[in-house]
Amino acid sequence: MPVEEFVAGWISGAVGLVLGHPFDTVKVLGFFKGMSFPIASVALVNSVLFGVYSNTLLALTATSHQERRAQPPSYTNIFIAGCTGGLLQAYCLAPFDLIKVRLQNQTEPRMQIGSSTPRYRGPVHCAASILKEEGPQGLFRGSWALVLRDTPTLGMYFVTYEGLCRQYTPEGQNPSSATVLVAGGFAGIASWITATPFDVIKSRMQMDGLKGRKYGGMLDCMASSFRQEGIGVFFKGMTLNSARAFPVNAATFLSYEYLLRLWR
Ligand SMILES: CN(C)C(=N)NCCC[C@H](N)C(=O)O
């Protein structure tokens with residue numbers, strides 16, 4: 001199994017993360033500072049995504065990354081490989097994402113005068129507390145919504161990227177850096193626009209359990225969110241997600257392609 005796609009995915013995930021950090025900091029009002037936890041989690045998860053995507057495509061089409069410009073795979077195979085990468089990345093991401101969401105949402109204790117100790121002191125303390133209070137399955141709370149968010153949207157992510165690259169690249173050639181940046185940026189936007197409804201539900205499911213259970217399950221969470229807040233609830237955060245997605249994914253794809261060409 002070729003491993004360079006996993007390594008390129010890891011490095012490109014870290015590059016994208018650095019660019020996305022200001023957006024993430026704005027999103028969470030500065031309560032989730034520091035880079036070590038995101039680097040460890042986001043870059044690892046990106047490595048799984050790109051590594052599994054490329055190796056699934058290799059299994060489906062018997063073409064390596066280098067051969068794919070001369071023998072382009074079908075969009076169906078790209079979609080299947082992207083969905084497979086998305087499914088596996090969702091499982092790896094689940095505990096990290098849960099910790100991130102719990103840390104991001106603990107705004108109250110620090111806001112209260114006289115209350116200087118937040119519930120979770122950091123990622124490791126958060127993981128240990130969840131394990132103690134909610135059991136090992138607690139670390140996978142909301143993972144169904146995460147799987148539903150990432151599986152189809154990552155299929156679409158790679159189809160959009162490949163489609164745009166092919167559109168603006170002469171047959172058989174490698175896309176230019178400008179094309180990779182634009183195609184990567186739009187692939188990120190397209191994936192986040194479609195991912196936002198399940199992203200909202202996922203975050204609510206992940207917060208459920210902290211002060212008792214509010215929802216009977218994912219469907220109940222969707223129905224009660226819709227009843228209380230209307231259809232707009234499924235689009236919360238879409239603008240910020242899309243604004244962040246362009247630079248993050250443009251840089252991710254550019255560094256991924258660059259590294260794979262360098263190692264060829
Ligand atoms: C849930 N969705 C839409 C995605 N995971 N899309 C792929 C983009 C990955 C990139 N690290 C980012 O954070 O934008």
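Helices (H or I, at least four residues) and strands (E, at least two) are DSSP runs, numbered from the N terminus. The model is predicted: local features need pLDDT of at least 70, side-chain atom pairs count only at pLDDT 80 or more, and totals for chains, interfaces and linings use all residues. Residues are numbered from 1 along each chain as its sequence is written, and side-chain values use heavy atoms, with hydrogens and water left out.

**Exercise 1. The fold**

Task: State how many helices and strands the protein chain has, and why the chain counts as compact as a globular protein of its length.

Solution.
- Step 1. Take the secondary structure. The protein chain has nine helices and zero strands. Along the sequence, the pattern reads α-α-α-α-α-α-α-α-α.
- Step 2. Compare sizes. The radius of gyration is 19 Å, and the globule rule gives 18 Å for 264 residues; these are close, so the protein chain is as compact as a globular protein of that length. The radius is taken over C-alpha atoms, and the rule is 2.2 Å times the number of residues to the power 0.38.
- Step 3. Add the box. Along the principal axes, the C-alpha atoms fill roughly 65 × 35 × 30 Å.

**Exercise 2. Burial, contacts and surface**

Task: Find what share of the 264 residues is buried, and what share of the contacts joins residues 24 or more positions apart.

Solution.
- Step 1. Fix the classes. Buried means under 20% relative accessible area, exposed over 50%, and partly exposed in between (1.4 Å probe, protein chains only).
- Step 2. Apply them. In the protein chain, 50% of the 264 residues count as buried.
- Step 3. Turn to contacts, meaning heavy atoms within 4.5 Å. Of those with a separation of 6 or more, 77% are between residues 24 or more positions apart.
- Step 4. Take the surface. The accessible surface is about 12,700 Å², and carbon and sulfur atoms hold 66% of this area. Areas come from the Shrake-Rupley method with a 1.4 Å probe; for residues, only the protein chains shown count as cover.

**Exercise 3. The cavities**

Task: Count the cavities of 30 Å³ or more, then describe the lining of the largest cavity and of the second largest cavity.

Solution.
- Step 1. Set the rule. On a 1 Å grid over the protein atoms alone, a cavity is a set of points where a 1.4 Å probe fits but cannot get out; lining residues have an atom within 4 Å of a point. Points are joined across faces, edges and corners, and a volume is the space filled by probe spheres set on the points.
- Step 2. Count. Two cavities reach 30 Å³ or more.
- Step 3. Take the largest cavity. Its space is about 220 Å³. Its lining has 19 residues, with H65, R68, R69, E162 and E257 nearest the centre. Helices α2 (36-61), α6 (143-167) and α9 (238-263) each give two or more residues to this lining. The largest share, five residues, comes from α9.
- Step 4. Sort that lining by class. Ala, Val, Leu, Ile, Met, Phe, Trp, Tyr, Cys and Pro count as nonpolar, Asp, Glu, Lys and Arg as charged, and the others, Gly among them, as polar. The lining of the largest cavity has nine nonpolar, four polar and six charged residues.
- Step 5. Take the second largest cavity. Its space is about 40 Å³. E4, E5, H65, Q66, L260, W263 and R264 line it. Helices α1 (4-27) and α9 each supply at least two of these residues. By class, two are nonpolar, two polar and three charged.

**Exercise 4. Two helix residues**

Task: Decide whether R204 and S255 are buried or exposed, and list their contacts beyond four places in sequence.

Solution.
- Step 1. Place R204. R204 lies in helix α7 (residues 177-207). Its relative accessibility is 18%, so R204 is buried.
- Step 2. List its contacts. R204 touches Y215, C221, S225, E229, V233 and K236, with residues up to four places away left out.
- Step 3. Place S255. S255 sits in helix α9. At 13% relative accessibility, S255 is buried.
- Step 4. List its contacts. Neighbours within four places aside, S255 contacts S12 and V15.

**Exercise 5. A loop residue**

Task: Locate A62, give its phi, and say whether A62 is buried or exposed.

Solution.
- Step 1. Locate. A62 is in the loop between α2 and α3.
- Step 2. Read phi. The phi of A62 is near 55°, a positive value in a residue other than glycine. Most residues other than glycine have a negative phi.
- Step 3. Classify. A62 has a relative accessible area of 63%, so A62 is exposed.

How values were computed. 1 Å grid on protein atoms, 1.4 Å probe; cavity = no way out; pocket = protein on both sides within 12 Å on 5 of 7 lines; lining within 4 Å.
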